[in-house]
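This report walks through selected features of the structure shown below, from strand pairing to the contact between chains.

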Amino acid sequence: MLSSSSSKPPTQQLLQSADLISQGAEAKVYKAYLRQVSTSGLVTDHGAVLEALEPVLLKYRFHKHYRHPSLDASLTRQRIAGEARALMRCMRSGVTVPGIRMVDVNEGVLGIEWIDGKSVRQLLPGGAELEDISELEEADEMDEIHENGTADPIADYGVSRDALMDMIGVEIAKMHLADIIHGDLTTSNMMLRKQTSDLVLIDFGLAYHSTLVEDKAVDLYVLERAFASTHPDSEPLFAGVLSAYEKRMRKHWLPIKKRLDDVRLRGRKRSMVG
Amino acid sequence: METYYYSQFNHAVVRVALFDDVMNAAAIRSRIVQAARNLGVDGNTEREAVNFAFIDARLISSPLHLQTAIYQALLSEAQGQLRTKTVHSEILWALNPTNNITEAIRRYGVSDESTTLIVVRVDVSDTPDLQRRMCDVIQGCMVPFQALVKMTDWSIIKKHYKLDSESALKEVQGNLDRERSIIDNIVVSSVAMKNVMA
């Protein structure tokens, strides 16, 4: 019935009507609406006023023309599946992550819950530089706020900076206790939700399952480097993250702490000499 | 009755209605079975008369849960990848956590004991008289979709999705609202990612 159309595949049409939020080397990110409802609530003809509710975020892993098409299709499929499964494992383990809304492996699209809020990067000093297309629009808004003198953007969320660091440590600990490694922990990959002030971990594109102390220590080290390079004088902030992490990990903390000290000396990659 | 429009699926129109105090669930079920067996012209009219997805409302945690199953079913149909015979039965398949079609229909479809039902109709355009045709099949009371909250049976949902021992729920023990919102989130996400679950 619906497949008789000669037009583009549905997910391509959906992307066409969506707003581009940001673009990386692997994927493009869009804001879109999966369905419309008629505002009148009555049975209407095609002249009805339609409204789209509940936005979703679409992560579109576009075709990589430098790869053989069949390899490209299978890699895209694996990565979409991997990201969706990592999100599901997190959800079942009580880690706050966006819910999944649609998956189209044929077109390489993962649709997840739209989180209304700001990235931790934007909420901390030094991270305010624009990184995404969408933030250009918000920039004017932010300037106004700064002129009015409310210097600290976190205050709008009713959360102190220390409490925010605490929440980060707790979420990462819950994730590591479930043996999930994020793979790309940065302050851009965490958001504070506007309505509830939840800390939400996002972008599980590089996530994987591992029980190794090494992988957890490297995950923390990557975040430590991200703090140091993005936010000036952030040592006390990251210390706050670690102390909340330590509390939550209990007996699992000591081996990770020891390994983190090793990783700090040698860097993210293990020496393969010897 | 709720109506959803999907411009990306050739402007598909999906109608959803919620019925309470359904008296003839057993009759509906046998009518669907009979219609499927009946060949010829009579069979076609009869099949058209029950051409809906009948869903046990107790197993639906939120409108989003149902909407997500509808979306994945529309997507499978548009891509020629239906796993069941129709887009309506595909909705039932999408709702069930396993790949067993019979189990999906037995659990999520109309059963002899059902008293609350969700009826879904997928169309390429607005079909006239749909509400009357739904009411012709179901002896019950059409209620606003918001009444779904009172019908959801969270313990069966937890059982089907094996959520009882999950740490996400242990953490919020005693807080019913939190627990339900976590269950809903997991269930909605499971439906959305069913194709890549294994």
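In this predicted model, A:Ala32 stands opposite A:Val56, a residue of strand β5 of chain A. The strand that β5(A) pairs with here is β2 (residues 28-32) of chain A; the two run antiparallel and share 5 bridges. β5(A) is also joined to strand β7 (residues 109-113) of chain A, again in the antiparallel sense and through 5 bridges. In that pairing A:Lys59 faces A:Leu110 of β7(A). Strand β5 spans residues 56-60 of chain A, and 4 of its 5 residues are buried, so the strand is largely enclosed by the rest of the structure.

A further strand pairing crosses from one chain to the other. Strand β3 (residues 36-38) of chain A and β1(B) run antiparallel and are joined by 2 bridges. The bridge partner of A:Gln36 in β1(B) is B:Tyr5. The three pairings are listed here.

| Strands | Sense | Bridges | Citation |
|---|---|---|---|
| β2(A) and β5(A) | antiparallel | 5 bridges | |
| β5(A) and β7(A) | antiparallel | 5 bridges | |
| β3(A) and β1(B) | antiparallel | 2 bridges | |

**Contact between the chains**

Chain A contributes 32 residues to the contact and chain B contributes 33. On the chain B side, two or more residues each come from β1 (2-6), α3 (63-78), α8 (167-170) and α9 (176-192) of chain B. Of these, α3(B) gives the most, with 8 residues. Sorted by class, the side of chain B that touches chain A holds 16 nonpolar, 13 polar and 4 charged residues.

**Domains of chain A**

The domain assignment divides chain A into domain 1 (2-113) and domain 2 (117-266). Between them, 16 residues of domain 1 are in contact with 16 residues of domain 2. On the domain 1 side, β1 (19-23) and α2 of chain A each supply at least two residues. The most come from α2(A), which gives 6 residues to the side of domain 1 that touches domain 2. That side of domain 1 divides into 8 nonpolar, 4 polar and 4 charged residues.

Helix α2 covers residues 69-92 of chain A and includes A:Cys90. Is A:Cys90 buried or exposed? A:Cys90 counts as buried, because 23 C-beta neighbours lie inside 10 Å. Leaving aside residues up to four places away in sequence, A:Cys90 touches A:Val95, A:Val97, A:Met175, A:Ala178 and A:Ile180. A:Pro153 is 63 residues from A:Cys90 along the chain, and the C-alpha atoms of the two are separated by 28 Å.

**Helix α7 of chain A**

Helix α7 of chain A runs over residues 235-249, which makes 15 residues. From its first C-alpha to its last, α7(A) reaches 21 Å, close to the 21 Å expected at 1.5 Å a residue. The buried residues of α7(A) are A:Leu237, A:Phe238, A:Val241, A:Leu242, A:Ala244, A:Tyr245 and A:Met249. Viewed down the axis of α7(A), the buried residues fall within an arc of 165°, so they line one face of the helix. A:Glu235 and A:Pro236, on the other side of α7(A), are exposed. What do the buried residues of α7(A) pack against? Their partners are α5 (161-177), α6 (213-230) and α8 (253-266) of chain A. A:Arg250 follows α7(A) and has a positive phi, near 50°.

Terms used:
Residues numbered from 1 in each chain as written. Chains lettered and ligands numbered in written order. Predicted model: local features only at pLDDT ≥ 70, side-chain atom pairs only at ≥ 80, totals over all residues. Buried ≥ 20, exposed ≤ 12 C-beta atoms within 10 Å, placed from the backbone. Contact = placed C-beta atoms within 7 Å. Expected span 1.5 Å × (residues − 1). Arc of directions from axis to C-beta. Domains from an automatic or database assignment. Nonpolar A, V, L, I, M, F, W, Y, C, P; charged D, E, K, R; others polar. Pairing = 2+ DSSP bridges.
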